[in-house]
Amino acid sequence: MFDAGHARRPLVEVRGLKMHFPILAGVLRRRVGEVKAVDGVSFDILEGETLGLVGESGCGKSTCGRAILRLYDITEGAIRINGRDIARASHAELRKLRPTMQMVFQDPQASLNPRMTVAKIIAEPLDEHTTLSRREKMQRVHELMDAVGLSRDFANRFPHEFSGGQRQRIGIARALALNPQFIVCDEPIAALDVSIQAQVVNLLEDLQEQFGLTYLFISHDLSMVRHIADRVAVMYLGKVVELAPREPLYSAPLHPYTQALLSAVPEPDPSVRSTTERIILEGDVPSPANPPEGCNFSTRCPRVMDICRRQEPEFREVAAGHFVACHLCSPQPETTAGATAATQVSKSVQQGE
Amino acid sequence: MKYRSILAAAALALASAPMAQAGRGDAGNLNIIYWQAASILNPYLSGGTKDIDASALILEPLARYDENGNMVPWLAEEIPTVANGGVSEDLTTITWKLKEGIKWSDGTDLTADDVVFTANYCMAPDGGCQGLAAFADVANVEALDPLTVKITFDKPKPFPYGPFVGATTPIIQRAQFENCVGAKAPECTEQNFNPVGTGPFRVVEFRANDVITMEANPNYRDPDKPHFATLTFKGGGDAAAAARAVLETGEFDYAWNLQIDPAILSQMAKGGKGTVISAFGTAVERLMVNLTNPDPALGEKRSTLEGGPHPFLTDPAVRRALSLAIDRNLLAEVGYGAAGQATCNVVPAPAIYVSTANDECLVQDIAKANAILDEAGWLPGPDGIRQKDGVRLSILYQTSTNAVRQDTQALIKQWWSEIGVETELKNIDAAVFFGGDQSSPDTFQKFYADIEMYTNLFDGTDPETYMKSWTCEEIPSPANNWLGSNMPRYCNPEYDALWAKLAATGPLEERAEIVKQLNDMLVQDGAMIPLIHRGRVSAHANSLTGVKLNTWDSEMWNVADWDRQ
Amino acid sequence: MLNYTIRRLMFTVPVLLFISFIIFLLLDLAPNDPTGNLPMTIPPEVRQQIRESLGLDQPIWVRYLLWCKQFFINEPLNIIEQWFGIQIGDGDRLRVRSWATRSPVVDLIVERLPQTLWVVGMSYVVGILIAIPIGVVSAYRQYSWFDQIGTFISMVGFSVPTFFTGVLMIVIFSVWLGWFPSIYDTTLVVEDWASFMQQVRQMAMPVFVLALFNAAQISRFMRASMLDNLNQDYVRTARAKGLKERTVLLVHVLRNSLIPVVTVIALNVPQVFGGAIITEQVFKVNGLGQLLIIGIQGADIPLVQTLTFIFAVLIVLFNLIADILYGILDPRIRYD
Amino acid sequence: MTDATVQDARQSRAGRSQWADVWDQFKTHRGALLGMGFFIFISLLVIFGPWLWDIPPNYIDIRAKNQGPSLAHPMGTDQLGRDTFAQVLAGGRVSLLVGVTAMALSLVLGTLVGVLAGYFKRLDGPLMRLTDLFLALPLLPLLLVIIMLFRDTLRAAFGPETGIFILIVFVIGITSWMQTARIVRGDVLSLKEQEFVLAARSIGTPSHRMILRHILPNVLSPIMVSATLGIANAIITESALSFLGLGFPSDFPTWGRLLFDSTNFMTLNPERVIWPGLAISLTVLSVNYIGDGLRDALDPRIRGR
Amino acid sequence: MPDGAAPVLDVKGLKTVFRTRSGEVHAVNSVSFDLRPGELLGVVGESGSGKSVTMMSLIGLLPSPPAEVRRGQVLFDGIDLLSADDDTLRSIRGARIGFVFQDPMTSLNPVFTVGFQLMEPLRRHMGMSKARARARAAELLELVGIPDAASRLKDYPHQFSGGMRQRVMIAMALACDPEVLIADEPTTALDVTIQAQILELVKELRRKLGMAIIWITHDLGVIAGIADRVMVMYGGQVVEHAPVRELFENPQHPYTRALLETIPTVRGKRAPRLRVIEGQPPVLGAEPASCPFRPRCGHALDICARANPPRVPVGPAHDAACFWNPETGGPRDV
């Protein structure tokens, strides 16, 4: 559908997903507004691919990931995984669907129950959804530990006895236990050291190949996403502002936010560093409880136009598989938006809200 | 009437008692501690001794009992008798003459109207008067003239000294309480806390359940009395603390009702600051024997006559053995010290009523008790507990919560175990045990136990009403809402007949003879096992003079005579 | 913050009504009887009449509704009248009356408040003043001898009942040494130095005994809270600023540690009013606790109902105050 | 940073159960170890002591009343000549048993309420108001009511001592669970936000297993600490009940009752006061130290440091 | 940056040990470096490499127990900080050596206003009056680019966003014009766009104020952008030390090399597969007798198991602690 080259079917379809958390205030705790954590997000994830979801903290990317697995009761929108409606499934139905969709969490320390042994943690999904005997379960746990590169001897240890990378392997093994098709990886490497990040990312890639997994890879680390993702979606303040296959996005980002984000990533090479100019964004991300009128990015956008403050840009396909929500990319105004056009340099540091 | 002569002698003795030399108010402040605090100064609205004693400092009756139990005229000129014409020949009226010139503390005169009002106040319906018992059978109270009151009874009263005699029925002022009759009585806080009286003191400040400060009544009839200018009547704490305050720290001059371990009390008395005093009245600590069956399986009929007799306590041998196994002298020594004497009688005083027919029990004889049980066929079972026909001698023994009572229970349990009787002890909060709440299973009236222990006594010197307690009609049962004082459920027509005879008999000696017979019947039929003749124990500072501990009336009866050395 | 307060306040109304009903029911079911303490010489029929005169034979819900009306409408009006000396309505309102003293319960409570506040309140304050430094030092020098001894003393203070420590102190300081009176004089009016000293002397022992008990608990809380905060990042920041250790400890750590402790302190205040029953009994400080125990022993149901309900109100109120204090002390909550 | 170092230090050791770890940490707390030692000692003493010291605690030897310590009566005798040592031993059985069972009951109640309130948002309000209610209840009248309502039934069913024991444990239990409930609720609320709970949800773990497997084990440490304080509290409450005359039958010694009974004999027979007082204080102290040690040992932040 | 100037800070043979219940952890072993006036020294390493512990040891900020500085010398303005008494240290901390910590959320005291916390060092070290300190605090906030500075002094930390809080932390560290600023992972907790803002700010402040900075991070990208010199730490010791360009162009230690290869970039060529350093970082239960990187090293030699390599010069101002010579692939002559 998006990628003409491979006619792969979408495994996950998300349409107009909204996740609003009510703000209760006043004497009677009435609903006075809502935090629009996720505010109308649509995308597909094709079978066997990795969709990267990037954005800064608070942009709603983790909420989006959790909402897709119905860990929250969503406000609006449709989610279909493997053709089955997730958004409106009852709790019993949902429980039956759980084995197909799993999650790997950000904090490997916090996502493992400190009072359970590794074997118990990995076996928990098996306890819930299978009727295997103890021996069969143990067998499966050992297989999984092999698959994620953990020594079988560790089965009876507790999470706190492991390093961060090993803990994340345990988390991955747990997610794999039920042979899922789709795994949401919620910042799986954010809490790990550089040398360990690579181990985990490679492991995820190997597993994808081995088991034909589909990933939604949520991260704020643009360079890692570039490495692992086939397509990338950029979120800002509850909305996807740009979605494109990896290469076009990194080489020719269209949305000013994507451009700024990419330029802000420090380059581990002093020689490259001095030759590129950086876009320094002003101020902070507005509160999702009170997003700005028009385009969400209009308050910080270096190329803001009048229309941006009035009208919300449409999320549209501007090139094959390349979606952007920006007035600069609308067909009407003059625009040859590209990487070169976006190099507006701010020499001095600009601050303020 | 001999009775009259005794009283006259007593009155004389009182009149000739040495008076302190000093004048009114020059002994300073008198500090009294009552470990139960006074909550009200109107004795008609509270039956508590603490309240009656506190109000006795202010309010006075027509006649009191002295420390020997003799009646002495107080606000009245003399004690009315048949001999002096005060009591009518048919024993249905009594006429009191007030002393002249007695003034209330507000300066107005005491009149017969006040006396009449007092009677009406107490007898008013909805008033909840606690002294009502004294007005039993009173048909009418009228003022014949400003100083003369005539009380008419429904029927002949051989002992017509119920109303206005003793601390529970003093005279209150009509002017003050006029608007407080009946249902309104409880609402008159000002009056109830600060009554106008004829007594030696009047209230300065009343703090309920805490402390009362008083000053000498300026209109008191004796210009030299009281010797104390002010008085503090402090309440709260416990008996040991009160004893300590008088005997050890010397902070207080007088402490009341020091029911604590005699060893501790004598240790404290060594402090040298005060003196422990005691006196005996009519109080007897006794075991009530349940003659009906308290088996829970009986449900509604539990501990009632309908429930049938008690499985083993109806056996005279068992009751006698139980009584013989007890060393009453030791109980007295351990629990009461100087304030307790072994007794085998229900009526231990005054002397003319005391029977000697039961003195067998004064000496403990476990061997004999065992022999009696063996003889009656109660033989030790495999566990050492005696039994007969499948009935085990197992007793549930209840009483109120009180350190001395629990010691007594422990001792008796041990002695009974020596004669092969098993005992289970139970103690119940006093407010519940004596509370008469019909929904509670733990009241002494319901008696859902085999044996219960408490003290009973009678006011004044006449045991007539007291002896009525064990007639058949007094048996508590669901039918009368458990209202009744015959806890043992003792029902003996002979006893009832004898009591009726007492009620109709006038001469003191004859009355005494009947009372002794009644007493012996109760003890010998095993309705109760008397243990200890209990006295009152109080303590006063060594510097305090004039204290005469009185068990027949309020301890404060002669406070006007108290002085500081 | 204001909204939050108002909301919590509104929420307390149904809670209080419910609590009042439960308390009423409970006390009514209690087997105590007001005639229980009358002498044996009063015959059963008279007792029954007394019970009827107290209105005990009415159905329970009638008594509850009457009591509610009294407590929620009449008594507040009476108090307002007394305080401001004004007359509202005909002024001839019924009062909740104690059965034992036949006087309005509210008057009794007002009479008792001063000594309770003085002695029990003071002991609470003293307890806090002792506890906080002990808690601070114990935490700062964790496992030092000071900490060990502090722990030991606070545990002894916590574990030995006050009926024992109280009597022990009386024996030592009143009987043997004669320093302090063993009986509290509630009528003492402080008007000059001598009477002030006397007041101090008579307060010394009960205040000490209770303060020890209170300090024991609070110092434990303080210590735990300090330990929690000592490892925080901002403490490191304060040290990195070169602040004196005293400043770091007493300004930065203390303020943060106090937040939970102040809540605990506020939540325990209601106990100040009712919890010192035994101490008041031992030292004859006839305060509210002693009033309660007398009421219970004498089955003075209106008195006990009112007192316990006032304690309930205090507990709910101080729950609220604790929440608000939390907000005041912790700006993160204040602006929520 | 230091944490990471330390965690890794542990990793080098062989795999071992978490409880072994806790025990390792616990061992290093001297006070806790001493407390544990004393507690075990006193428990063994009161359990087996009465078999070794064969004077029955209720045996009255009136000629030997109010005696000081001697070979025949190492702790002296009371005003009826009962042997204080035997009474302290027998009283300890009851006091400790009351402490442990009442604590267990209050923990079960407190944990139940706390977990339910923390886990199910709808139950939070009502349950916390219930907690307020219990905090506001007048203990004494409550006691009287309960004793009135249940004494006979329990006595008939279990006999006098066991019946009143159940009653007292019940009363102490239902009047002391509120603190635990509050603490546990707070912990559950924050646990609910932890990722491993989310992880379990993503697996589809139903609520009851979620609570049993993930929530309960992780609120163990505040519960443990409440537990140790609960024992102390129960022992003291039981003594206060004796003070008010609402406790066990009078011939059934407990430490609280012994202390109360002997308070008045303080000047006459000071030794008598010391023993039960010492027994209560030291037990509470040791239990508290155990609590301190457990808190440290169960706290993963402190463990290993 | 002046190469020959006398160092403001000279650290020699620093060793710090943590005493834990399961034995000692040798967190920092024989670390030596110097810091010259006005330069920015980057310190790179993974968690547990000892970089933060080193810096905190310098100035006595480690809680003791469990930490204990065993050996070494830290010369600052002629004073040995390790042997200085607490008062001297306190008068230097915050006044002449400023600190910025990683997590701006927890490093500010939540219950005091930002103004109060900013004024503390001013009043303590400069003896300013309240009014003067307030004015200066406002200036400082303005300096770090917080708009409406004067009125924000009354705000509490939670009212600031993460980036703003880190600015406050920087302002606080700079309050007394320190000669040295030690920044411990100051941008790790921030988003990239905010990190970029902070980096710009620091660059500008350096230009304006000219203090020497030690910048601790695990992100080589950040270092590449701002540092003059870089020190790479692993297993509690310095494994390589070089001017920034030299280090990136000519890394000598296998760990540095692996690290550089591991990191994916957003620009340039995308590697099909990431290079991985196998294994886990070491835990030092004792003073290392062999190279701590040996178990994970692809070039380990026999000698690496027998001795802990010393730092040897491998180029101009460039030293590395390794027996392996990348040019020859064989052992280096030591």
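User: A disulfide is a pair of cysteine sulfur atoms within 2.5 Å. By this rule, how many disulfides are there over all chains?

Analyst: The count comes to four over all chains. Please bear in mind that this is a predicted model.

User: What average pLDDT does chain B have?

Analyst: The average pLDDT of chain B is 87, and 96% of its residues score at least 70. Residues 1-20 of chain B have a pLDDT below 50, and this stretch has 26 contacts in the model beyond near neighbours in sequence.

User: Back to the cysteines. How far apart are the sulfur atoms of Cys472(B) and Cys491(B)?

Analyst: The sulfur atoms of Cys472(B) and Cys491(B) are 2.0 Å apart, and the two residues form a disulfide. The link is right-handed, with 105° about the S-S bond. Cys472(B) and Cys491(B) both lie in the loop between helix H13 (464-468) and helix H14 (493-504) of chain B, so the pair ties together parts that are 19 residues apart in sequence.

User: Is Cys491(B) buried, partly exposed or exposed?

Analyst: Cys491(B) is partly exposed, because its relative accessible area is 41%. That value falls between the 20% below which a residue is buried and the 50% above which a residue is exposed.

User: What about Cys344(B) and Cys361(B): left-handed or right-handed?

Analyst: The disulfide of Cys344(B) and Cys361(B) is left-handed, because the torsion about its S-S bond is about -120°. This pair links distant parts of the chain, 17 residues apart, with both Cys344(B) and Cys361(B) in the loop between strand S12 (340-342) and helix H10 (366-375) of chain B. Their sulfur atoms are 1.7 Å apart, and both residues are buried.

User: And which cysteine forms a disulfide with Cys122(B)?

Analyst: Cys129(B) is the partner of Cys122(B), with 1.9 Å between the sulfur atoms. The torsion about this S-S bond is about -85°, so the disulfide is left-handed. Cys122(B) and Cys129(B) are both buried.

User: What is the pairing if the bonded cysteines of chain B are numbered in sequence order?

Analyst: In that numbering the pairing is 1-2, 3-4, 5-6, 7-8.

User: Why does Cys59(A) have no bond to Cys64(A)?

Analyst: Cys64(A) holds the cysteine sulfur closest to that of Cys59(A), but the distance is 9.0 Å, which is too far for a bond. Cys59(A) has a relative accessible area of 3%, so it counts as buried.

User: How far is the sulfur of Cys297(E) from the closest cysteine sulfur?

Analyst: The closest cysteine sulfur, in Cys322(E), is 6.1 Å from that of Cys297(E), too far for a bond. Cys297(E) counts as buried because its relative accessibility is 17%.

User: Changing topic: in what order do the strands of the open sheet in chain E stand?

Analyst: The order of the four strands is S2-S1-S4-S5, with antiparallel pairing. Strand S2 (23-35) and strand S5 (79-80) of chain E stand at the edges with a single partner strand each, so each has one side without a neighbour in the sheet.

User: How many bridges join S1 of chain E to S2(E)?

Analyst: Strand S1 (residues 9-20) of chain E is joined to S2(E) by nine bridges, and the two run antiparallel. Phe18(E), for example, has Val25(E) in S2(E) as its bridge partner.

User: Which strands does helix H1 of chain E lie across?

Analyst: Helix H1 (residues 51-58) of chain E lies across S1, S2 and strand S4 (67-76) of that chain, at about 110° to S1(E).

User: Now strand S6 of chain B. Is S6 mostly covered or mostly exposed?

Analyst: Strand S6 (residues 148-153) of chain B is mostly covered, with five of its six residues buried. Strand S4 (residues 93-97) of chain B runs antiparallel to S6(B) and is joined to it by five bridges. Strand S5 (residues 138-145) of chain B also pairs with S6(B) in the antiparallel sense, over six bridges. S5(B) and S6(B) form a hairpin with two residues between them.

User: What stands opposite Thr152(B)?

Analyst: Thr93(B) stands opposite Thr152(B), and so does Asn140(B).

User: Last one: how far apart are the nearest C-alpha atoms of chain A and chain B?

Analyst: The nearest C-alpha atoms of chain A and chain B are 43 Å apart, and the chains do not touch. Chain B and chain E do not touch either, with 47 Å between their nearest C-alpha atoms.

Technical notes. Residues numbered from 1 in each chain as written. Chains lettered and ligands numbered in written order. Predicted model: local features only at pLDDT ≥ 70, side-chain atom pairs only at ≥ 80, totals over all residues. Heavy atoms only, no water. pLDDT = per-residue confidence, 0-100. Contact = heavy atoms within 4.5 Å. Buried < 20%, exposed > 50% of the residue type's maximum accessible area, 1.4 Å probe, protein only. Pairing = 2+ DSSP bridges. Axes fitted to C-alpha atoms, helices over the stretch in contact; angles between N-to-C directions.
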